[in-house]
Amino acid sequence: MLTPFQNEPFGNFDSGDRRATMQRAIRHVAGQLGATYPLVIGGEHIVTERKLPSINPAEPKKVVGYASSASQEQAHQALLAADAAFRTWSRTPVSARAQVLLRAAAIMRRRKEELAAWMMHEVSKNWVEADADVAEAIDFCEWYARQALALQGERQPLVPYPGEDNELRYIPLGPGLAIPPWNFPLAITTTLTVAPIVVGNTVVLKPSPRAPIIAGILVQILAEAGLPPGVVNLVTGEDAVLGDFLVDHPLVRFIGFTGSKNVGLRIHQRSAVRQPGQNWLKRAILEMGGKDAIIVDETADLEAAATGIVVSAFGFQGQKCSACSRAIVVDQVYDQVLQRVIEKTKALRLGNPTKPETDLGAVIDQRAFDSISQYIAIGQEEGRLVTGGEVIDHELVQDGGFFINPTIFADVKPHARIAQEEIFGPVLAFIRAANFAEALAIANGTEYGLTGGLYSRNLERLEQAREEFHVGNLYFNRKCTGALVGVQPFGGFNMSGTDSKAGGSDYLRLFTQPKVICERF
């Protein structure tokens with residue numbers, strides 16, 4: 001019997017032992033940079049002539065690794081391998097499939113600091129954010145193993161009927177796609193990969209070209225955990241070459257995607273088209289971003305609210321779909337909250353994420369740097385710059401990193417571009433509301449519906465928000481980031497996606513189809 005699920009604890013780096021372990025891991029990973037990583041198709045490791053370099057955002061002259069770049073023919077071969085492996089993997093007992101996930105969790109736990117160090121180098125996560133990413137990946141393995149045993153290892157309840165034996169089974173769909181983003185390169189890649197396979201599906205994993213190395217390491221871990229060849233096939237490469245080709249492929253039964261709204265909508269549209277030889281509707285499981293808001297009313301603990309806003313807005317440089325990019329504050333306490341947030345933001349330390357004191361690292365790459373810089377320029381016209389605005393610290397110029405100081409614009413109108421469009425960077429819009437009712441209307445006034453928060457001591461307003469604050473994950477008197485597996489299943493409404501609750505009790509059902517079997521005596 002498995003013990004009840006418990007979330008993996010986060011690291012405490014105040015202790016000398018844990019800090020020293022992380023520093024050793026950082027040095028160890030630094031010595032492995034620049035290696036070449038293969039495609040993995042049907043268990044075969046294939047190094048292609050064309051390579052995809054993964055660059056350290058904080059030190060762009062450093063190559064984290066070279067990922068092999070797959071062709072469409074190799075992507076086709078990966079799907080054939082997944083289809084072939086499905087025939088045996090789908091019939092493998094769920095207990096054996098769950099054991100693979102549990103062993104993978106154990107391997108991640110042993111290598112926790114090393115995996116965190118890889119993320120510091122590849123996506124510029126600081127110690128706390130990288131450690132939390134690994135903990136979440138472990139949680140997904142542990143959680144889905146237990147959920148699969150309950151879903152497929154136990155008889156599902158049905159109403160008894162005299163003279164018949166009726167059974168409901170959740171059976172796998174077939175081969176599918178996992179298309180994770182770069183910002184949670186281990187955690188989200190893990191959930192999109194292990195959730196389908198633990199219920200008997202097979203997967204072609206196509207990670208973001210911005211973070212392919214962590215995905216390769218995950219595939220290595222799954223193989224070490226005993227996953228048979230062909231169950232997970234890794235195809236790294238360029239989006240323009242692989243994206244539409246994989247989504248359109250007639251062998252694909254489902255697509256698990258986390259990323260931008262525009263790409264999610266493209267996948268949603270293309271997956272609805274029946275291809276020649278395709279005798280099923282493709283299932284699209286999409287998480288597409290947000291424009292998240294924290295409301296603060298006049299009854300709130302203003303110090304707690306300011307802390308929650310800063311952590312939510314600027315954790316991992318604001319590069320989270322759940323990040324607070326709008327602070328909506330009622331007029332009575334607007335100036336007080338703004339001043340506290342400015343002070344806390346100015347205390348944040350920008351620098352190389354491998355250093356333990358760093359609060360913010362670099363944004364992911366030049367493309368993101370340019371896009372965020374453009375939004376800062378737009379913000380100069382749409383609001384009042386109160387802190388930040390500089391796109392690079394002069395002390396860091398020699399590293400050439402993609403550093404942007406945390407930036408706050410005050411007195412932003414609710415329908416301004418920086419209050420409506422997902423910036424995906426360390427830019428926060430402060431919006432003044434006359435009262436709570438107006439604040440709630442402003443919060444709901446976007447096309448997104450992912451996360452939101454309310455700081456208030458007013459019970460009536462908390463109850464009103466439960467009903468009327470239209471987001472998939474709503475938090476009272478705490479930050480709006482950091483959902484825990486099993487505790488706060490994660491996913492949103494509207495243009496934030498299909499509200500597929502990752503880390504929830506019903507998530508695995510999205511990768512299955514129910515089958516009823518009736519036997520009359």
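This is a short walk through one structure, taking its helices, its nonpolar cores, some single residues and its cavity in turn.

Before anything else, please keep in mind that what we are looking at is a predicted model, and that the values I mention are computed from it.

Let me begin with two helices. Helix 2 covers residues 72-89, and with 18 residues at 1.5 Å a residue it should span 26 Å, while its end C-alpha atoms are 25 Å apart, which agrees. Helix 3, residues 94-110, has 17 residues and should span 24 Å by the same reckoning of 1.5 Å a residue, and here the end C-alpha atoms lie 25 Å apart, which again agrees.

Which residues of these helices are buried? In helix 2 they are Gln74, Ala75, Ala78, Leu79, Ala81, Ala82, Asp83, Ala85, Phe86 and Trp89. In helix 3 the buried residues are Val94, Arg97, Ala98, Val100, Leu101, Leu102, Ala104, Ala105, Ile107 and Met108. As you look at such lists, it may help to recall that an α-helix has 3.6 residues a turn, so residues three or four places apart point the same way. And what do the buried residues of helix 3 pack against? Their partners are helix 2, helix 4 (112-123), helix 5 (127-152), helix 6 (187-198) and helix 7 (212-224).

That brings me to the nonpolar cores. In soluble globular proteins, nonpolar side chains tend to be buried together. In this model the largest nonpolar core has 150 residues, and those with the most contacts inside it are Tyr144, Val296, Leu428 and Phe430. Helix 5 gives the most to this core, contributing 12 residues. Apart from this core lies another one, of 23 residues, and among them are Ala75, Ala78, Val247 and Phe257; Ala75 and Ala78 we have already met as buried residues of helix 2.

Staying with the largest core for a moment, consider Val296 and, beside it in sequence, strand 12, which runs over residues 292-296. If we leave aside neighbours within four places in sequence, Val296 is in contact with Leu302, Ala305, Ile309, Ile328, Val329, Val330, Val337 and Tyr455. Ile294 is found in strand 12 as well, and at 0% relative accessibility it counts as buried. Not counting residues up to four places away in sequence, Ile294 touches Gly308, Ile309, Ser312, Cys324, Arg326, Ala327, Ile328, Gly453, Tyr455 and Cys480. One of these contacts spans a long stretch of chain: Ile294 and Tyr455 are 161 residues apart along the chain, yet their C-alpha atoms are separated by 7.5 Å.

Now for some loop residues, beginning with the loop between helix 4 and helix 5. Ser124 is found there, and its phi is near 65°, a positive value in a residue other than glycine. Is Ser124 buried or exposed? It has a relative accessible area of 0%, so it is buried. Asn126 has its place in this loop too, and at 9% relative accessibility it counts as buried, because that is under 20%. Outside its neighbours within four places in sequence, Asn126 is in contact with Pro353, Thr358 and Asp359. The C-alpha atoms of Asn126 and Ala150, 24 residues apart along the chain, are separated by 36 Å.

Gln317 sits in another loop, the one between helix 10 (302-314) and strand 13 (324-330). It has a positive phi of about 60° although it is not a glycine, and Gln317 is buried, with a relative accessible area of 2%.

Two further loop residues are not buried. Pro228, in the loop between helix 7 and strand 9 (232-234), counts as partly exposed at 33% relative accessibility. Pro228 and Thr88 are 140 residues apart in sequence and 9.7 Å apart in space, C-alpha to C-alpha. Arg274, in the loop between helix 9 (261-271) and strand 11 (283-287), counts as exposed at 62% relative accessibility. Arg274 and Ile404 are 130 residues apart in sequence, and in space they are 44 Å apart, C-alpha to C-alpha.

I will finish with empty space. Rolling a probe the size of a water molecule over the atoms shows where such space is left. The structure holds one cavity of 30 Å³ or more, and about 100 Å³ of space lies in the largest cavity. Its lining is made by 15 residues, of which Gly318, Lys320, Ala323, Ser325 and Phe424 lie nearest its centre. Sorted by class, the lining of the largest cavity has seven nonpolar, four polar and four charged residues.

Terms used:
Residues are numbered from 1 along each chain as its sequence is written. This is a predicted model: local features need pLDDT of at least 70, side-chain atom pairs count only at pLDDT 80 or more; totals for chains, interfaces and linings use all residues. Side-chain values use heavy atoms; hydrogens and water are left out. On a 1 Å grid over the protein atoms alone, a cavity is a set of points where a 1.4 Å probe fits but cannot get out, and a pocket is an open set with protein on both sides within 12 Å along at least five of seven lines; lining residues have an atom within 4 Å of a point. Grid points are joined across faces, edges and corners, and a volume is the space filled by probe spheres set on the points. Ala, Val, Leu, Ile, Met, Phe, Trp, Tyr, Cys and Pro count as nonpolar, Asp, Glu, Lys and Arg as charged, and the others, Gly among them, as polar. Helices (H or I, at least four residues) and strands (E, at least two) are DSSP runs, numbered from the N terminus. The expected span of a helix is 1.5 Å times one less than its number of residues. Buried means under 20% relative accessible area, exposed over 50%, partly exposed in between (1.4 Å probe, protein chains only). Contact means heavy atoms within 4.5 Å. A nonpolar core is a set of buried Ala, Val, Leu, Ile, Met, Phe, Trp, Tyr and Cys residues joined through side-chain atoms within 4.5 Å.
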